[in-house]
Each structure stands twice: as C-alpha cells, then as structure tokens.
Amino acid sequence: MNDVQLRSFTAAVELGSFNKAAKGQFLSVPSFAQRINSLEAELGYRILERGPSGVRPTDAGLVLYRAAKEALDILDKAREEGRSVAEEQPAERVTIGVWWQVHPFMMEAVRQMAQTHPRLKIDFVETSYGNAAEGFAQGLFDLFFSADSLALRQMGASFTPLSREKYYCVFSPDSPLAKRETISTDLLENITVYAGAGYRDVPELHEFESFFARDNVVKESIFREKLTMDCLRGDAVSFFNHSNISKICPPLEARPMEWPPLAYGAHVRPGAPRVVRDVLDACIDSFKRTG
C-alpha cells in the first residue's frame with residue numbers, strides 16, 4: 001500500500017465515481033480500477049461497493065478513508081515543510097585547485113559525492129604550485145592536490161599524503177637524454193631548465209638547492225603551450241611528478257630524476273568546513289581504488 005493508491009481511493013470516495021476520479025488523476029478508467037483492485041487485493045477485503053450509479057465506501061472502506069485522509073494530510077504537510085527547509089539552505093560548494101589536469105580519481109570522487117551530498121557543488125580551478133598559497137589566502141579553492149608544500153603548511157593548511165612519487169625530467173624525443181634510464185642534475189648543466197616557482201617549498205628538494213641556483217634554471221611558472229613547444233624543439237627541459245606526466249607525454253619523453261620520491265597528496269585550507277574533509281575522504285577512497 002502506498003500514497004498513490006490511497007490518493008486514488010480517497011478521490012473515488014469523494015467523487016463517487018471511477019470515471020470522475022480517473023479523469024482527475026489523468027488515468028484511463030481501467031487503469032484506475034486496476035489500482036483500486038490491487039489495493040483491495042493487498043488489504044484482503046473490499047473497500048468500495050460498485051454500482052450502476054457509481055461507487056461508495058463499505059464500512060471497512062469508510063474506516064480506511066478516514067485514516068487515509070489523516071495520513072495523507074500529515075505526509076503532504078511534511079513534504080511542504082521539508083521543501084521549505086531545503087530551499088532555505090544554500091547549496092554547499094567545494095572548489096578543488098589542480099595543477100595541469102583533473103585526475104580520474106577526482107572525477108570518481110565527484111560522482112561518489114553526488115550520491116551522498118546531492119546539494120553539493122564541486123568545481124575545479126587550474127592553478128600552479130607557486131600560486132597555491134595565494135589561492136588559499138583569497139579563498140579561491142578549498143583543496144589543492146600537489147607535492148607537499150612548506151608554504152601551504154606554514155599558512156596553516158593541513159597535508160594528507162596519498163603517495164610518494166618519482167619526479168621526472170621531460171624533454172624532446174630527439175634529445176640525448178632519451179638514451180638514459182635516469183637523469184642526474186649533472187646532465188642538465190648546458191640546457192634551459194623550467195623548474196617552476198614552487199620548488200623551494202618541496203622539502204625533498206632542499207638538498208638540491210645548489211642545482212636550482214644555477215643560471216640556466218628558470219625559477220618561474222611557464223605557460224603550458226610555451227613549455228611544451230620549447231621542450232619539443234630541444235630548447236629546454238622541465239620537471240613533472242608521476243601524476244602529471246601523462247598530460248605532456250607524449251609528445252615529450254620522460255625519465256625519472258635521481259632524486260628521492262616526493263610526497264604527493266592534498267592540502268586543505270585553514271578553517272575549511274566539514275564538507276571539504278568529506279570530499280577529501282572521497283578522493284582518498286577513489287585514489288586507493290583507481291589511483
């Protein structure tokens with residue numbers, strides 16, 4: 001027994017006619033009659049007397065009618081009150097900062113959150129490692145996925161590691177570096193190196209400070225198109241962690257640097273609401289399954 005059946009039953013009682021009740025519910029008379037028959041079969045007793053002049057409730061049907069009206073009134077009131085509360089509550093929003101690409105595990109987490117938090121809106125904002133601290137400070141995003149960052153930790157962001165990843169050097173397929181299995185800093189003395197602006201924040205790279213101090217190392221963020229074209233022409237090389245090399249290789253080649261693995265994970269901005277942690281938990285779960 002459900003509210004649809006009860007609404008049809010109460011309409012038949014009030015209108016005294018299957019014809020009129022069916023028309024009011026945009027049903028054919030046979031479909032309406034089948035609905036009443038199914039209700040009676042479920043109850044195990046007759047609730048309407050059918051006759052040439054219409055229908056009227058049996059004694060048992062009258063008892064059910066009174067109870068059904070009360071129950072439907074309560075249900076309708078609850079639905080309206082629930083709708084009012086839902087409309088008064090603004091939709092929650094979480095913004096995720098990403099570097100270069102939105103990974104499949106992030107999209108899987110979005111789908112998972114849509115089922116458990118239907119009013120939650122999740123957006124993605126592309127940013128660079130070096131601009132993440134400013135983005136957090138301005139409230140542009142709530143989560144940022146990258147290598148561990150001292151700057152973000154110092155401003156109060158928490159860091160949850162997901163994995164430890166090799167750092168890769170990317171270059172033209174025609175480069176002599178393609179013959180190497182790994183790349184050391186000594187091999188990068190006479191070529192422009194796009195190192196980005198955020199390397200100082202990576203704890204594992206501190207021991208290579210002398211390398212980053214070289215004049216041939218460009219210590220600022222480079223637009224993706226320029227970086228790719230310069231590397232393809234053999235004019236430069238650059239660095240990417242394992243999670244991001246698929247965005248640029250191919251057309252470029254990649255070899256692991258002879259550096260220690262870097263901690264890769266998620267930074268959560270200071271003071272973020274609980275729902276941000278829920279999104280992070282979904283990302284962690286998705287990363288473990290699809291990473």
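Contact here means heavy atoms within 4.5 Å, and helices (H or I, at least four residues) and strands (E, at least two) are DSSP runs numbered from the N terminus. With that in hand, helix 5 (residues 104-116) lies across strand 3 (93-98), strand 4, strand 5, strand 6 and strand 12. This is a predicted model, where local features need pLDDT of at least 70, side-chain atom pairs count only at pLDDT 80 or more, and totals for chains, interfaces and linings use all residues. Residues are numbered from 1 along each chain as its sequence is written, and side-chain values use heavy atoms, with hydrogens and water left out.

**Domains**

- The assignment, which is automatic or from a database, splits the protein chain into domain 1 (1-65), domain 2 (90-161 + 262-288) and domain 3 (166-259).
- Taken over C-alpha atoms, the centres of domain 1 and domain 3 are 76 Å apart.
- An unreviewed UniProt entry annotates residues 1-58 as "domain: HTH lysR-type"; positions follow the numbering used here, feature names are shortened, and annotations may be inferred rather than shown by experiment.
- That 1-58 stretch is 60% helix and 14% strand, with its end C-alpha atoms 18 Å apart.

**The five-stranded sheet**

- Two strands count as paired if DSSP finds at least two bridges between them, and on that basis there's an open sheet of 5 strands in the order 4-3-5-12-6, with mixed pairing.
- Strand 4 (121-126) and strand 6 (158-165) sit at the edges with a single partner strand each, so one side of each has no neighbour in the sheet.
- Ignoring direction, neighbouring strands of the sheet are turned by 20° against each other on average.
- Strand 5 (residues 143-147) and strand 12 (residues 262-268) pair antiparallel over 5 bridges, and Ala147 stands opposite Tyr264 in strand 12.

**Helices across the sheet**

- Axes are lines fitted to C-alpha atoms, for helices over the stretch in contact, and angles run from 0 to 180 degrees between N-to-C directions.
- Helix 5 runs at about 160° to strand 4.
- Helix 10 (residues 274-290) lies across strands 3, 4, 5, 6 and 12 too, running at about 10° to strand 6.

**Nonpolar cores**

- A nonpolar core is a set of buried Ala, Val, Leu, Ile, Met, Phe, Trp, Tyr and Cys residues joined through side-chain atoms within 4.5 Å, with buried meaning under 20% relative accessible area (1.4 Å probe, protein chains only).
- The largest one has 27 residues, and Cys169, Phe239 and Trp259 are among those with the most contacts inside it.
- Strand 7 (167-171) is one of the elements giving two or more residues to this core, and its 3 residues are the most given.
- Domain 2 and domain 3 both contribute residues, so this core lies between them.
- A second, separate core of 23 residues includes Ala109, Ala266, Val275 and Ile284.

Note on methods:
Buried < 20%, exposed > 50% of the residue type's maximum accessible area, 1.4 Å probe, protein only.
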